[in-house]
Amino acid sequence: MRSANCITRIGSPSAVLYRFIAMLKMYHARSAAAGSPDFWDENWEMNQLASVLGDPRVCEHNPLFPLFREKLRRDRLFLEGGCGQAQWVKYFGDRGQRSLGIDFAARTIEAVKRFDAALDVRVGNILALPLDDGAVHTYYSGGVVEHFEGGPEPALAEARRVMADDGWFLCSVPDLSLLRGWLARARALGPVRRVERTVEEPAPDGAQFFQYVFSEAEFRARLAAAGFRVERTFSVSMMWGWMEIPGLTALVDGLVALKRRVRRNGAAPRAAASSDVPAPAPAPRPPDLLRRAFVLEDPTIPLVGAPLRFIRERSANMRMYIAQPR
Ligand SMILES: C[S@@+](CC[C@H](N)C(=O)[O-])C[C@H]1O[C@@H](n2cnc3c(N)ncnc32)[C@H](O)[C@@H]1O
């Protein structure tokens, strides 16, 4: 250990790879800090709730879906701490799973309740969960604990308290991938600091603390210190990782706009089809392969799966830690 707050072992491969960087600290220019409910309410108000909660594909086409199918036990409690728009709580709750979502963004939780009053979603703080010790079988924390500038420890300790001994803590945090390491070194990530410990400190001018990005060794060590044993990890959200490459978001937005325009033009009036002429056979659907590769991030695709996984492990936005109480 180098200090109480930086617990990457200096000799670990990840630490060597990133020249001993344990974490990045990222800032943003929005007025509300990511630690505040207002920030998240504003964030979720930009999304259409109905398109998230009303479409099961939002969950079924998520690379985490197989993990939830593997770990959830229908008669045991599934908790999402920091559930946001609560799509997982709704998806599994609708299918008979005991499910509870907690989030401190009150306007978002009210909107979710208006959409589906039967859902068990509550305004609350993941640092003081309204649950007995050992009450939770599967606790999903997706992109939450990195937003505490003082460090994730209090959130991890509270998660450990509510976990059943045979339960699963599924926790994802931003990953210090090879790509992010390069982008940080090239100063392409906006305001960012390489840090060795998690402490509250003045932000650069005009910026607010947003999140920590953890090397795998660093976050594994934090989970171990909180009383968890990590079974495995995998990286997730490859496309979001690539979107940090300068200019790529603008390029993708341009391509999407172009595709829309081409589609609109293609939908112009066509000659009436003669009923004698057989309808052309539907074109093969390459998008299925693309969707499997880039949306589902499916490592089992023949031939493509292995290189895809190699690239994903080095460039994805988040890393999922699958852990059990020790
Ligand atoms: C990046 S979002 C993730 C949302 C959701 N887990 C998902 O994967 O779509 C983080 C969420 O955590 C919530 N959050 C952050 N700190 C919290 C706290 N102390 N207590 C409860 N919720 C919190 C925010 O309101 C926000 O909805």
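Student: What makes the meeting of the E153 and R222 side chains a salt bridge?

Tutor: Their N to O distance is 2.7 Å. A salt bridge is a side-chain nitrogen of Lys or Arg within 4 Å of a carboxyl oxygen of Asp or Glu, so 2.7 Å qualifies. The pair links distant parts of the chain, with E153 in helix 8 (residues 153-162) and R222 in helix 10 (residues 216-225), 69 residues apart. Helices here are DSSP runs of H or I with at least four residues, strands are runs of E with at least two, and both are numbered from the N terminus.

One caveat: this is a predicted model, where local features need pLDDT of at least 70, side-chain atom pairs count only at pLDDT 80 or more, and totals for chains, interfaces and linings use all residues. Residues are numbered from 1 along each chain as its sequence is written, and side-chain values use heavy atoms, leaving out hydrogens and water.

Student: Why is R222 called buried or exposed?

Tutor: Buried means under 20% relative accessible area, exposed over 50%, and partly exposed in between (1.4 Å probe, protein chains only). R222 has 1%, so it is buried. Its partner E153 has 29%, so that one is partly exposed.

Student: How do you know that E244 and R180 form a salt bridge?

Tutor: Their closest N and O atoms are 2.9 Å apart, which fits the same rule, within 4 Å. E244 sits in the loop between helix 11 (238-242) and helix 12, while R180 is in helix 9 (residues 178-185), so the pair ties together parts 64 residues apart in sequence. E244 counts as buried at 18%, and R180 is buried too, at 2%. Elsewhere, salt bridges with shared partners join D175, E216, R220, R312, E313 and R319 into one network.

Student: What makes R107 and E45 a pair?

Tutor: They form a salt bridge, with the closest N and O atoms 2.8 Å apart. R107 is in helix 7 (residues 106-115) and E45 in helix 2, so parts 62 residues apart in sequence are tied together. R107 has 37% relative accessibility, so partly exposed is the label. By this rule, the count comes to 27 salt bridges.

Student: Now the ligand. How do you know that W44 has a polar contact with the ligand?

Tutor: A polar side-chain atom of W44 lies 2.9 Å from a ligand oxygen. A polar contact is a pair of N or O atoms within 3.5 Å (within protein, one must be able to donate a hydrogen and the other to accept it, and residues adjacent in sequence count only if both atoms are side-chain atoms), so W44 makes the cut. A polar backbone atom of G142 is 3.1 Å from a ligand nitrogen. The protein covers 90% of the 600 Å² of accessible area that the ligand has on its own, by the Shrake-Rupley method with a 1.4 Å probe (for residues, only the protein chains shown count as cover). Helix 2 (37-45) and strand 5 (136-142) are the elements giving two or more residues to the shell.

Student: And why is A29 labelled buried or exposed?

Tutor: Its relative accessible area is 68%, so A29 is exposed. A29 is in the loop between strand 1 (23-28) and helix 2.

Student: What about V262?

Tutor: V262 has 54%, so it is exposed as well. V262 lies in helix 12 (residues 248-266).
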